[in-house]
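Dear colleague,

I am handing over the structure we spoke about, and below it you will find what came out of going through it. Please read the notes with the coordinates open beside them.

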Amino acid sequence: MASNSRLRDLLLLAAALMLSASCAAAADFQYCNKGRHYPVKVSGVEIVPDPVIRGQLATFKISASTDKSIAKGKLVVDVTYFIFHVHTETHDFCAGTPCPATGEFVLSSEQTLPSFTPPGSYTLQMKLLGEKNEELTCISFGFSIGFVAPVAIS
């Protein structure tokens, strides 16, 4: 009986170490129009956890800066799975970051993907539109949804 307990403890420790190693990752991103000078400059994208786990909360953090004062705006998010467009949503910019935003700021968005979400590689495109629908920035980046759904160890 003691060996079963020890084995379970070792499995839990191994799982915790694997999760902590893959807990967060900086994602490479590209501007939608490389030649354009966007008023909002993105410096980084962080995905927690990476890869995203179906049925669990995922956080996307975008670090950015601007010399403008952004009091209103909206985020338009489009997601593709391979070449197929699978999801679009629009958020109030000020719901994800304190407004007015100026200087350096972090935009954070949380999502819980359904447990039936197909595993694989996805691309997310995010546009930040200003008060008059002017494009303040537009980036895209890839993220993965893991192939294994979480299983409780008892």
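In this predicted model, five strands make up an open sheet whose order is β2-β9-β8-β5-β6, and the pairing within it is antiparallel. The edges are taken by β2 (29–31) and β6 (84–92), each of which has a single partner strand, so one side of each is left without a neighbour in the sheet. From one strand to the next, the twist averages 20 degrees. As a general reminder, strands of a sheet pair through backbone hydrogen bonds, and they may do so in either a parallel or an antiparallel way.

Going through the pairings in turn, β2 is joined to strand β9 (residues 135–145) by three bridges, the two strands running antiparallel, and within this pairing F29 stands opposite F141 in β9. Strand β9 also pairs with β8, in the antiparallel sense and over ten bridges, with G120 placed opposite I145 in β9. The hairpin of β8 and β9 has five residues between the strands, and N133 in that hairpin takes a positive phi near 65 degrees. Strand β8 in turn pairs with β5, again in the antiparallel sense, over eight bridges, and here L75 stands opposite L128 in β8.

For the chain as a whole, the secondary structure comes to two helices and nine strands, which follow the pattern α-β-β-β-β-β-β-α-β-β-β when read along the sequence. Of the 154 residues in the protein chain, 32% are buried. Among the contacts with a separation of 6 or more, 62% are accounted for by residues 24 or more positions apart. The chain exposes about 9500 Å², and carbon and sulfur atoms supply 59% of that area.

The disulfides deserve a separate paragraph. The structure holds two disulfides, and with bonded cysteines counted along the chain they follow the pattern 1-4, 2-3. One of them joins C32 to C138, with an S to S distance of 2.0 Å, and this pair links distant parts of the chain, since C32 lies in the loop between β2 and β3 (40–48) whereas C138 lies in strand β9, 106 residues apart. The torsion about the S-S bond of C32 and C138 is about -70 degrees, so this disulfide is left-handed. How accessible is C32, buried or exposed? C32 falls in between, being partly exposed with a relative accessible area of 34%, while C138 is buried, with a relative accessible area of 1%.

The other disulfide is formed by C94 and C99, whose sulfur atoms are 2.0 Å apart. The torsion about the S-S bond of C94 and C99 is about -95 degrees, so this disulfide is left-handed. C94 counts as partly exposed at 25% relative accessibility, and C99 is partly exposed with a relative accessible area of 29%.

Turning to the interior, which residues of the largest nonpolar core touch the most other members? Of the 28 residues in that core, they are V45, I47, M126, F141 and F143. At least two residues of this core are supplied by each of β3, β4 (57–70), β5 (74–81), β7 (101–112), β8 (120–129) and β9. F141, which was already mentioned as standing opposite F29, is in contact with A27, D28, F29, V45, I47, F60, Y122, T123 and L124, once its neighbours within four places in sequence are left aside.

One further site that I would like to describe is P119, which lies in the loop between β7 and β8. P119 counts as partly exposed, at 22% relative accessibility; the range for this class begins where buried ends, and buried means under 20%. Not counting residues up to four places away in sequence, P119 touches R54, Y81, I145, G146 and F147. The C-alpha atoms of P119 and G146 are separated by 5.5 Å, although these two residues are 27 residues apart along the chain.

With kind regards

Technical notes: Residues are numbered from 1 along each chain as its sequence is written. This is a predicted model: local features need pLDDT of at least 70, side-chain atom pairs count only at pLDDT 80 or more; totals for chains, interfaces and linings use all residues. Side-chain values use heavy atoms; hydrogens and water are left out. Two strands pair if DSSP finds at least two bridges between them. Helices (H or I, at least four residues) and strands (E, at least two) are DSSP runs, numbered from the N terminus. Axes are lines fitted to C-alpha atoms, for helices over the stretch in contact, and angles run from 0 to 180 degrees between N-to-C directions. Buried means under 20% relative accessible area, exposed over 50%, partly exposed in between (1.4 Å probe, protein chains only). Contact means heavy atoms within 4.5 Å. Accessible areas come from the Shrake-Rupley method with a 1.4 Å probe; for residues, only the protein chains shown count as cover. A disulfide is a pair of cysteine sulfur atoms within 2.5 Å. A nonpolar core is a set of buried Ala, Val, Leu, Ile, Met, Phe, Trp, Tyr and Cys residues joined through side-chain atoms within 4.5 Å.
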